[in-house]
Structures are given as C-alpha cells and as structure tokens.
Amino acid sequence: MTWRWEYEPDRETVAGGAPADFLAQVGKTAAELVRAAEVLHLHGPSYQGADEGAKHAFVAGGFFVYMIAPRSELLTIWQVTPDPLP
C-alpha cells in the first residue's frame with residue numbers, strides 16, 4: 001500500500017464551489033500531513049491502535065477537517081471551509 005489523501009465521499013461533495021487557490025493550499029497541506037503520517041506510522045497496515053479521530057488544519061484562505069487511518073494508509077478530508085470574506 002502507499003499513503004495517499006482523498007476527499008470523503010468525493011471532491012465535488014466536499015469541496016465543490018471552493019476557490020481554486022484555497023483548494024491548492026488544502027492539497028499542499030494534505031500532502032504534507034500524509035508525509036508526516038507515513039513517517040509516524042511506518043507499518044501502517046499492522047497498526048493496532050485506535051485512529052486519532054477528526055482534526056482541523058488551518059491554511060491560507062480557510063481550514064479543513066481530516067482524519068488519518070493508519071491501517072488504510074489514508075488521510076481523508078471530510079470538510080473544507082473557505083473564509084467567508086476574501
């Protein structure tokens with residue numbers, strides 16, 4: 001398996017209508033979080049602990065809610081919230 005990130009359930013549901021520059025920041029930060037999770041959970045599929053639960057990441061232009069599932073080597077983004085005022 002290879003670590004990755006994705007929108008849950010899909011990009012349109014989670015991020016449809018969000019500004020492109022904000023989504024670029026979400027993608028960049030998600031990729032950084034995936035690299036960190038990969039280092040923290042070297043043997044992801046054999047991970048025995050509980051998942052960490054939902055977390056927030058703040059980026060330029062807003063924030064997003066994500067969860068890391070080590071056994072699946074997956075970071076899922078559940079919600080993106082752009083700042084209401086530019």
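## Exercises on a four-stranded sheet and its salt bridges

Glu 52 and Lys 55 form a salt bridge whose closest N and O atoms are 2.9 Å apart. The model is predicted: local features need pLDDT of at least 70, side-chain atom pairs count only at pLDDT 80 or more, and totals for chains, interfaces and linings use all residues. Residues are numbered from 1 along each chain as its sequence is written, and side-chain values use heavy atoms, with hydrogens and water left out.

**Exercise 1.** Find how many salt bridges the model has, and classify the accessibility of the residues that form them.

*Solution.*
Step 1. Apply the criterion: a side-chain nitrogen of Lys or Arg within 4 Å of a carboxyl oxygen of Asp or Glu. The count comes to two.
Step 2. Besides Glu 52 with Lys 55, Glu 6 pairs with Arg 4, with the closest N and O atoms 3.6 Å apart.
Step 3. Classify by relative accessible area (buried under 20%, exposed over 50%, partly exposed in between; 1.4 Å probe, protein chains only). Glu 52 at 35% is partly exposed, and so is Lys 55 at 33%. Glu 6 has 31% and is partly exposed; Arg 4, at 37%, is partly exposed too.

**Exercise 2.** Describe how strand E3 pairs with E2 and with E4.

*Solution.*
Step 1. Strands (E, at least two residues) and helices (H or I, at least four) are DSSP runs numbered from the N terminus; two strands pair if DSSP finds at least two bridges between them.
Step 2. E2 (residues 55-59) and E3 (residues 62-69) are antiparallel, with five bridges. Lys 55 has Tyr 66 in E3 as its bridge partner.
Step 3. Two residues lie between E2 and E3 in this hairpin, and Gly 61 in the turn has a positive phi of about 95 degrees.
Step 4. E3 and E4 (residues 74-82) run antiparallel and are joined by eight bridges. Val 65 stands opposite Gln 79 in E4.

**Exercise 3.** State the strand order of the sheet, explain why E1 and E2 are edge strands, and place helix H2.

*Solution.*
Step 1. The sheet is open, has four strands in the order E1-E4-E3-E2, and shows mixed pairing.
Step 2. E1 (4-7) and E2 each have a single partner strand, so one side of each lacks a neighbour in the sheet.
Step 3. Neighbouring strands are turned by 35 degrees against each other on average, direction ignored. Axes are lines fitted to C-alpha atoms, for helices over the stretch in contact, and angles run from 0 to 180 degrees between N-to-C directions.
Step 4. H2 (residues 20-40) packs on the sheet and touches E1, E2, E3 and E4, where contact means heavy atoms within 4.5 Å. The direction of H2 makes about 150 degrees with that of E4.
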